[in-house]
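Good morning, and thank you for making the time. I should like to take the group through one structure, beginning with a helix and ending with the empty spaces.

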Amino acid sequence: MKKQYAFLVDSERCIGCFTCAMACRNYYHQEEGVIWRQVYPLSEEIYPHRERAFLSLACNHCEDPACLNVCPVNAYTKREEDGVVVHHQEKCIGCGNCIRSCPYGAPKYNPVEKRAEKCSFCHERLDAGLKPACVQSCPTKALQLVDLAEMQQTNQVQYPAGYPKMEKLNPSTRFILPKTPKMVRR
């Protein structure tokens, strides 16, 4: 397997502080209402325990990205060297095909620019030898940059309940789910 960068979301470590989302927003100066990284609390219906658990989600940089496949003007590219799916906003015509086609809701419509945009894994930071802004900012290391080619042997990584894995797209984001606490007998 060739290099494929991915976000590893460790729900055991995430405290729901939104630092990753704010770092993304601050780095890219996104318009009001345009959010590339969102932090979602997991409800007790999904994980029946009292501790709070969170998922920090952005673009999955899929192996076979729907956004790239439906774009009529080639505003998306997938980098050979690391699998990052880059959106080139200057090419975008705002047709919305990518927004409608992505099952994860990664591309967002920017009403000021009248174009789509999304997380491009801070590819310019990667090229400079830096981590993505969201990863670098995480105070608990709950959000990490990993290479899927190097972590294929890890069994602890799973998909959360209700997360659309979409085998054809093969999203690169991976998760370490919170452990369900053991029942205490009284």
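**Helix α1 and its surroundings**

In helix α1, which spans residues 19-28, the buried residues are C20, A21, A23 and C24. They cover an arc of only 160° around the axis, and therefore lie on the same side of α1. The arc is taken from the directions that run from the helix axis to the C-beta atoms. An α-helix has 3.6 residues a turn, so residues three or four places apart point the same way.

Before going further, I should state that this is a predicted model: local features need pLDDT of at least 70, side-chain atom pairs count only at pLDDT 80 or more, and totals for chains, interfaces and linings use all residues. Residues are numbered from 1 along each chain as its sequence is written, and side-chain values use heavy atoms, with hydrogens and water left out.

Two terms need their cut-offs. Buried means under 20% relative accessible area, exposed means over 50%, and partly exposed lies in between, with a 1.4 Å probe and protein chains only. Helices (H or I, at least four residues) and strands (E, at least two) are DSSP runs, numbered from the N terminus.

Against which elements do the buried residues of α1 pack? They pack against β2 (38-42), β3 (53-57), α5 (133-137) and β8 (143-147), where contact means heavy atoms within 4.5 Å.

**Two residues with positive phi**

Directly after α1 comes H29, in the loop between α1 and β2. Although H29 is not a glycine, its phi is positive, at about 50°. Most residues other than glycine have a negative phi. H29 is exposed, with a relative accessible area of 65%.

N74 is likewise not a glycine and has a positive phi, of about 55°. N74 sits in the loop between α2 (66-70) and β4 (76-78), and counts as exposed at 52% relative accessibility.

**Salt bridges**

How many salt bridges does the model hold? The count comes to 7, a salt bridge being a side-chain nitrogen of Lys or Arg within 4 Å of a carboxyl oxygen of Asp or Glu.

I shall mention three of them. D10 pairs with R13, and their closest N and O atoms are 3.5 Å apart. D10 is buried, at 7% relative accessibility, whereas R13 is partly exposed, at 42%.

The second joins the side chains of R25 and E32, at 3.7 Å from N to O. Here R25 is partly exposed, with a relative accessible area of 22%, and E32 is exposed, with 71%.

The third links E81 and R79, at 3.3 Å from N to O. R79 is buried, with a relative accessible area of 13%. Through salt bridges that share partners, R79, E81, D82 and D127 form one network.

**P132**

Is P132 buried or exposed? P132 counts as buried, at 1% relative accessibility, and its place is in the loop between α4 (123-127) and α5. Leaving aside residues up to four places away in sequence, P132 touches F7, F121, C122, R125, L126 and L145. There is also a link back to the helix with which I began: P132 and C24 are 108 residues apart in sequence, yet 8.5 Å apart in space, C-alpha to C-alpha.

**Pockets and cavities**

For the spaces, a 1 Å grid is laid over the protein atoms alone: a cavity is a set of points where a 1.4 Å probe fits but cannot get out, a pocket is an open set with protein on both sides within 12 Å along at least five of seven lines, and lining residues have an atom within 4 Å of a point. Grid points are joined across faces, edges and corners, and a volume is the space filled by probe spheres set on the points.

The largest pocket has a volume of about 240 Å³. Of its 16 lining residues, Y40, L57, A58, Y104 and G105 lie nearest its centre. The lining comprises 11 nonpolar, 3 polar and 2 charged residues; Ala, Val, Leu, Ile, Met, Phe, Trp, Tyr, Cys and Pro count as nonpolar, Asp, Glu, Lys and Arg as charged, and the others, Gly among them, as polar.

The whole structure contains 4 cavities of 30 Å³ or more. The largest cavity, of about 110 Å³, is lined by 14 residues, with C14, C17, C20, C138 and A142 nearest its centre. C20 is also one of the buried residues of α1. This lining has 11 nonpolar, 3 polar and no charged residues.

The second largest cavity holds about 100 Å³. Its lining numbers 15 residues, of which C59, C62, P65, C67 and C102 lie nearest the centre.
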